[in-house]
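Dear colleague,

Please find the structure below, handed over for your study. The notes that follow it set out what was found.

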Amino acid sequence: MSVFVLDHPLARHKLGLMRDAAVGHREMRALAAELSAMLAHEATRDLPVGRTTVKGWAGPLEVPRVDEAAVTVVPILRAGLGMLSGVLGLLPGARVGVVGLQRDEHTLQAQAYCSKLGERLDGQVALVIDPMLATAGTAIATIDMVKARGCTRIKTLFLVAAPEGLERLRQAHPEIAVHVAAIDERLNGAGYILPGLGDAGDRIFGVR
Ligand code: PRP
Ligand code: URA
């Protein structure tokens, strides 16, 4: 599994702002979108670029063209929605396949309650987005669902990852690419990332 950590002063600055517990949902949402655009910028570096001919001002011109519709962004409800605007800002023509999973607070098992991925994802590049990779149960279950629809090119984008979650994800899906803004220290006994962001969904949406 390849793991890429955003190496940029603005990424470190923005994530630092998000770690301040006093920051409210309005700023959390803006920062999540800004960091997600930076992650998407890195994660799309190897998208295939075709050629097309346009009518330039001085005559026909061959220009590069990315097939944006060959990318399916997969936000994991609920917190993943907080990253969607940033990713779509860069890839406005991407498809969006939504999945809903929630961790049981006691067992930490991820339960799926929604799947709107479409019938098939053959030939698509999937960008799975979720702010937090903690135990990785949610991400692993989502990637299982994406693979079951025939997708073979999967990248995951997280704001913060725990080392424990990265190791579990590597064992379950060794061929995927992971893009993160930071790898934090560890999980606490309740499965929360330290120092982390707290409950990312609650903080981005402003409701518990
Ligand atoms: C959070 C987070 C991830 C998951 C990570 O979602 O957004 O989806 O937990 O935990 P894991 O790696 O241990 O599976 P949560 O279940 O709190 O749901 P929410 O997005 O609705 O807030
Ligand atoms: N989900 C969150 O929102 N935060 C964590 O630290 C772990 C899981």
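I begin with the surroundings of ligand 1. Of the 21 residues around ligand 1, those that come nearest are R78, A79, T135, T138 and G201. Four elements each give two or more residues to this shell: strand 6 (98-103), strand 9 (132-133), helix 4 (137-148) and helix 6 (200-205). The most is given by helix 4, with three residues. By type, the shell around ligand 1 divides into eleven nonpolar, seven polar and three charged residues. Please keep in mind throughout that this is a predicted model.

Ligand 2 has its own shell, formed by A79, M132, A134, G191, Y192, I193, G196, D199, A200 and G201. Six of the residues in the shell around ligand 2 are nonpolar, three are polar and one is charged.

The UniProt record offers annotations to set beside these shells. An unreviewed entry carries the annotation "domain: Phosphoribosyltransferase" over residues 5-206. Over residues 5-206, the chain is 33% helix and 32% strand, and the C-alpha atoms at the two ends lie 27 Å apart. The unreviewed UniProt entry also places a "binding site" feature at R78, R103, D130, P131, M132, L133, A134, T135, A136, G137, T138 and D199. Another "binding site" feature from UniProt, again in an unreviewed entry, is placed at I193, G198, D199 and A200.

Three of the annotated positions are described here in more detail.

Where is A134 found, and is A134 buried or exposed? A134 sits in the loop between strand 9 and helix 4. A134 counts as buried because 26 other C-beta atoms lie within 10 Å, and the cut-off for a buried residue is 20 or more. Leaving aside neighbours within four places in sequence, A134 is in contact with A162, G165, L187, G191, Y192 and I193. Among these contacts, G191, Y192 and I193 also belong to the surroundings of ligand 2.

G198 is found in the loop between strand 13 (193-194) and helix 6. With 14 other C-beta atoms within 10 Å, G198 is partly exposed. Not counting residues up to four places away in sequence, G198 touches A21 and R203.

D199 is likewise found in the loop between strand 13 and helix 6. D199 has 13 C-beta neighbours inside 10 Å and therefore counts as partly exposed. D199 is also one of the residues that surround ligand 2.

Next comes the interior of the model. The largest nonpolar core has 53 residues, and those with the most contacts inside it are L127, V128, V160 and A181. Helix 2 gives the largest share of this core, seven residues. Which residues does V160 touch, not counting residues up to four places away in sequence? They are P131, M132, V180, A181, A182, D184, I193, G196 and L197.

Two helices show how buried residues are covered. In helix 1 (residues 9-18), the buried residues are A11, L15 and M18. Seen down the axis of helix 1, these buried residues fall within an arc of 50 degrees, so they line one face of the helix. The general rule behind such a pattern is that an α-helix has 3.6 residues a turn, so residues three or four places apart point the same way. On the other side of helix 1, P9, L10, R12, H13 and G16 are exposed. The buried residues of helix 1 are covered by elements including helix 2 (25-43), strand 10 (153-161) and strand 11 (177-183).

In helix 3 (residues 81-90), the buried residues are L81, G82, M83, G86 and V87. They pack against helix 2, strand 4 (71-77), strand 8 (125-129), strand 10 and helix 6.

Finally, P64 may be set against the buried residues described above. Why does P64 count as exposed? P64 has 8 other C-beta atoms within 10 Å, and a residue is exposed if that number is 12 or fewer. P64 is found in strand 3 (residues 59-65). Not counting residues up to four places away in sequence, P64 touches V49 and R51. P64 and T53 are eleven residues apart in sequence, and their C-alpha atoms are 8.8 Å apart in space.

Yours sincerely,
A colleague

Technical notes. Residues numbered from 1 in each chain as written. Chains lettered and ligands numbered in written order. Predicted model: local features only at pLDDT ≥ 70, side-chain atom pairs only at ≥ 80, totals over all residues. Near = placed C-beta within 6 Å. Nonpolar A, V, L, I, M, F, W, Y, C, P; charged D, E, K, R; others polar. UniProt positions renumbered as here; feature names shortened; annotations may be inferred. Contact = placed C-beta atoms within 7 Å. Arc of directions from axis to C-beta. Core = buried A, V, L, I, M, F, W, Y, C linked by C-beta atoms within 7 Å.
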